[in-house]
Amino acid sequence: QGYYTRRGGIGESGDFITSPEISQIFGELIGIWYVSEWIAMGKPKAFRLVELGPGRGTLTDDILRVFKQLSSLLSKCDVSIHLVEVSPKLSEIQALMLTGGKVQSNPEDESAYMKGVSKTGIPIFWYRDVQDVPPGFSFYLAHEFFDALPIHKFQRTEKGWREVLVDIDPEVPDQLRFVLSPSSTPATENFIQPEETRDHVEVCPEAGVIIQRLACRIEKDGGAALVADYGHDGTKTDTFRGFRNHKLHDVLRAPGTADLTADVDFSYLRKMTQGRTATLGPIKQQEFLKNMGIDLRLQVLLQNSDDTATREQLLHSYDMLMNPKKMGDCFNFFALLPHHRLVQPERKHKPESKSPLLPVAGFGELLLQ
């Protein structure tokens, strides 16, 4: 009876809108990020993009357009798309958008439950769990994925930490309420760090497990992961909220009919990599997109559009993505990269002259050569 399994209301007619639904520029710049990292990592023979929770497939669609535009660069590379999606309804929508519906179901014993070929001729596979994706050099993408995973909530009291639980309200029929656990719970013992200074904490163990898996894969096989989400660096407290028809919705009312979300704690994700990979960020979406050249891309699109309505739409969507009061500040970008990607290369001939590090796109000023 889950929200995503039954409906997953993304888009204007749904409960919330995501950045790729607002502007094609968003997905294009992310596509460029992956290609730029692929080049920086020495152009491996295979380029696998693994997206967790791909929504309607809009982001992958925009990234595939970039891959097509850069096909001469990627021509000697074996490019494939791997989507991790548990919702049958959303996987149908993705298949329609990316392949025109030309997909086939796989037998039960295969790791992917469905496969197809994109409109641009790139193989696409669907999985229910990131562990089902075959190992190998891969780029991972999690856009508004971690915020949808379940959380534990904890409250500091005079008697120590207590877990916030959900209970049936004895005074109101069919109504749920929040209560504090009468004593410490196993989650309280396991998930609260001794150095914690906040009075209210949200922890998403599933996010920790997934980040650990991604970090292990990147450490072993190479690649990178890009996470884009609402979030904070271990500073916020109560962020659990619901959205229905683009409005805030009481999380305990009519369960399964609203989108439930909690801000991602990037400090927790960083801790859970356990040093297996380097981490960059979180940096604000506004800063990341600016570093990726969004202003230049906007100018090109404005010059190429003839009608006023399109130009107004472009400017409006740019404002939605970049304005600190809209999405510019509340969304963050965070990356996992192999340690060697950030290590100064040794120069054999002239040890005294240090060669500059290749900057990681989006996370620092890029010098256009």
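Let me start with the surroundings of His232, which, leaving aside its neighbours within four places in sequence, is in contact with Arg198, Asp263, Val264, Asp265, Phe266 and Ser267. Please keep in mind throughout that this is a predicted model. His232 itself belongs to strand 11, which covers residues 223-232, and with a relative accessible area of 7% the residue counts as buried, because the cut-off for that word is under 20%.

Where, then, do the polar atoms of this buried side chain find partners? The backbone nitrogen of Gly234 is placed 3.0 Å from a polar atom of the His232 side chain, and the backbone nitrogen of Lys236 is likewise found 3.3 Å from a polar atom of that side chain.

Let me now turn to a sheet elsewhere on your screen. Three strands make up an open sheet, arranged in the order 13-12-14, and their pairing is antiparallel. Strand 13, residues 247-249, and strand 14, residues 259-261, are the edge strands, and each has a single partner strand, so one side of each remains without a neighbour in the sheet. From one strand to the next, the twist averages 40°.

As a general reminder, the strands of a sheet pair through backbone hydrogen bonds, in either a parallel or an antiparallel manner. In the present case, strand 12, which comprises residues 241-244, pairs with strand 14 in the antiparallel sense over 3 bridges, and if you would like a position to look at, Arg241 stands opposite Thr261 of strand 14.

Key
Residues numbered from 1 in each chain as written. Predicted model: local features only at pLDDT ≥ 70, side-chain atom pairs only at ≥ 80, totals over all residues. Heavy atoms only, no water. Pairing = 2+ DSSP bridges. Helix = DSSP H or I, 4+ residues; strand = E, 2+ residues; numbered from the N terminus. Axes fitted to C-alpha atoms, helices over the stretch in contact; angles between N-to-C directions. Buried < 20%, exposed > 50% of the residue type's maximum accessible area, 1.4 Å probe, protein only. Polar contact = N/O pair within 3.5 Å; in protein donor to acceptor, adjacent residues only side chain to side chain. Contact = heavy atoms within 4.5 Å.
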